[in-house]
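User: I am new to this structure and would like a close look at a single part of it. Please start with one small spot, and then walk me through the surroundings that help me read the rest.

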Amino acid sequence: MMTTRTCISLLNFFIYNPEYGPREGEEHKKIMFYHPDKEQLDVKIKNIGLSEAVVKFTQTFLPNKPCEAIHTQKNRQLFLEAEKDFWMVMTVAIPYTEKVVDGKPLREYHPDDVQDSVYQAVLTQAYKMFKLFMGTFYGILKRTNVEQLQHRLAHFFNRYISTLKLSQCDILDVHAGIQFLPLDKNTYLRIQCFINLIEANFSRIKHTAFLYNDHLVWSGLEQDDMRVLYRYLTTNLFPTSLDTELKEAPPSKVLLGQAVSSSHYGKYVSYINFAANNVK
């Protein structure tokens, strides 16, 4: 008997605001962002309409507790009201095992593999990452217009979604912890002195974080901002930099997955909006 097992996969990811396009025929104006973009407009409007209906229906029973998830046999849909009237929705496919019994295919779904708390955290992290780099939705609207918001959402999330590894998400994504590097007192004081000298000599540097091998040593950032930045550095920036070094290093100089060549690579993050939390 042959069996095949699927993985958790992303079906769609969209952001909408029901305050836009309230009239019939203008429903498309509610769409702030939709993935996959190639989906037909009618399908986009239908999915957003269903989500909006579910949110409104659940609010009649629990007005102070927004809808967070919908369970079906094949899919799991997660909701997050990131800002007032701005809803982020992510739909993932429930993994299943397919067997052939008496010549007929039989699917057994595994809903326990998709924990609401884990994927709700993934959705929340997506919003926090956007806010870190771009600012709040309302902050962007205040400075520009809805077309610019849609453009920035597409620019950010089309890249961000491609980095999601949904099948590897677990309880660690819920807590978004930071790994600290234990140091003796003298070494720690030397690093702190080094950071103080940098900030004293370069007035444009407002905040500093010092990491070594994915471990945080020192941070002058607010804890929530550091959690998001740490997540970005350790899951996006550092791995790609290491891959570059490993590819460029001669085979004889790659030891235990560490590039020990004399050439090192760095990257600059061109814009991070640490003041986003204060933008209304």
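Analyst: Let's start with T234, which is found in helix 7, the stretch covering residues 223-248. Please keep in mind that everything here comes from a predicted model. Is T234 buried or exposed? Its relative accessibility is 17%, and buried means under 20%, so T234 counts as buried. The side chain of T234 also has a polar partner: it reaches the backbone oxygen of Y230 at 2.7 Å.

Now a step back, to see what that helix belongs to. The secondary structure of the protein comes to seven helices and twelve strands. The chain has 280 residues, and 36% of them count as buried, T234 being one of the buried residues. The protein exposes about 17700 Å², with carbon and sulfur atoms supplying 54% of that area. If you take the contacts between residues at least 6 apart in sequence, 57% of them join residues at least 24 apart.

For a second buried residue, look at L123 in helix 2, which spans residues 116-134. L123 counts as buried because its relative accessibility is 0%, below the 20% limit. What does L123 touch, once its neighbours within four places in sequence are left aside? Its contacts are F13, L78, F79, L80, M88 and M90. There is also a distance to try in your viewer: A82 is 41 residues away from L123 along the chain, and the C-alpha atoms of the two are separated by 9.3 Å.

Some of those contacts lead us to the strands. Strand 5 runs over residues 75-83, and seven of its nine residues are buried, which leaves the strand mostly covered. Strand 5 pairs with strand 4 in the antiparallel sense over three bridges. Within that pairing, A69 stands opposite L78 of strand 5, and L78 is one of the residues in contact with L123. Strand 4 and strand 5 form a hairpin, with three residues between them.

Strand 5 has another antiparallel partner, strand 6 (residues 86-93), and here the pairing extends over eight bridges. F79 has V89 of strand 6 as its bridge partner, and F79 is also among the contacts of L123. Strand 5 and strand 6 form a hairpin too, with two residues between them. D85 lies in the loop between these strands. Its phi is near 70°, a positive value in a residue other than glycine. Is D85 buried or exposed? D85 is buried, because its relative accessible area is 15%, under the 20% limit.

You can set that turn beside the one at N213, in the loop between strand 9 (209-212) and strand 10 (215-219). Strand 9 and strand 10 pair in the antiparallel sense over four bridges, and A209 stands opposite S219 in strand 10. Two residues lie between the strands of this hairpin. N213 has a positive phi of about 50° although it is not a glycine. Unlike the buried D85, N213 is exposed, because its relative accessible area is 51% and exposed means over 50%.

Another loop holds a backbone feature of its own. P36 has its place between strand 3 (31-35) and helix 1. The peptide bond leading from H35 to P36 is cis, with omega near 5°.

Beyond helix 1 (41-59), in the loop that leads to strand 4 (69-71), you will find F61. F61 counts as exposed because its relative accessible area is 57%, over the 50% mark. Which residues join F61 in a nonpolar surface patch? They are F57 and L62, and the patch made by these residues and F61 comes to about 360 Å².

To close the loop on your starting point, place F61 and T234 side by side: F61 is exposed, whereas T234 is buried.

Methods
Residues numbered from 1 in each chain as written. Predicted model: local features only at pLDDT ≥ 70, side-chain atom pairs only at ≥ 80, totals over all residues. Heavy atoms only, no water. Patch = residues over 30% accessible without salt bridge, like charges linked within 9 Å, V, L, I, M, F, W, Y side chains within 5 Å. Areas by Shrake-Rupley, 256 points an atom, 1.4 Å probe, with all protein chains shown as cover. Salt bridge = Lys/Arg side-chain N within 4 Å of Asp/Glu carboxyl O. Buried < 20%, exposed > 50% of the residue type's maximum accessible area, 1.4 Å probe, protein only. Pairing = 2+ DSSP bridges. Polar contact = N/O pair within 3.5 Å; in protein donor to acceptor, adjacent residues only side chain to side chain. Contact = heavy atoms within 4.5 Å.
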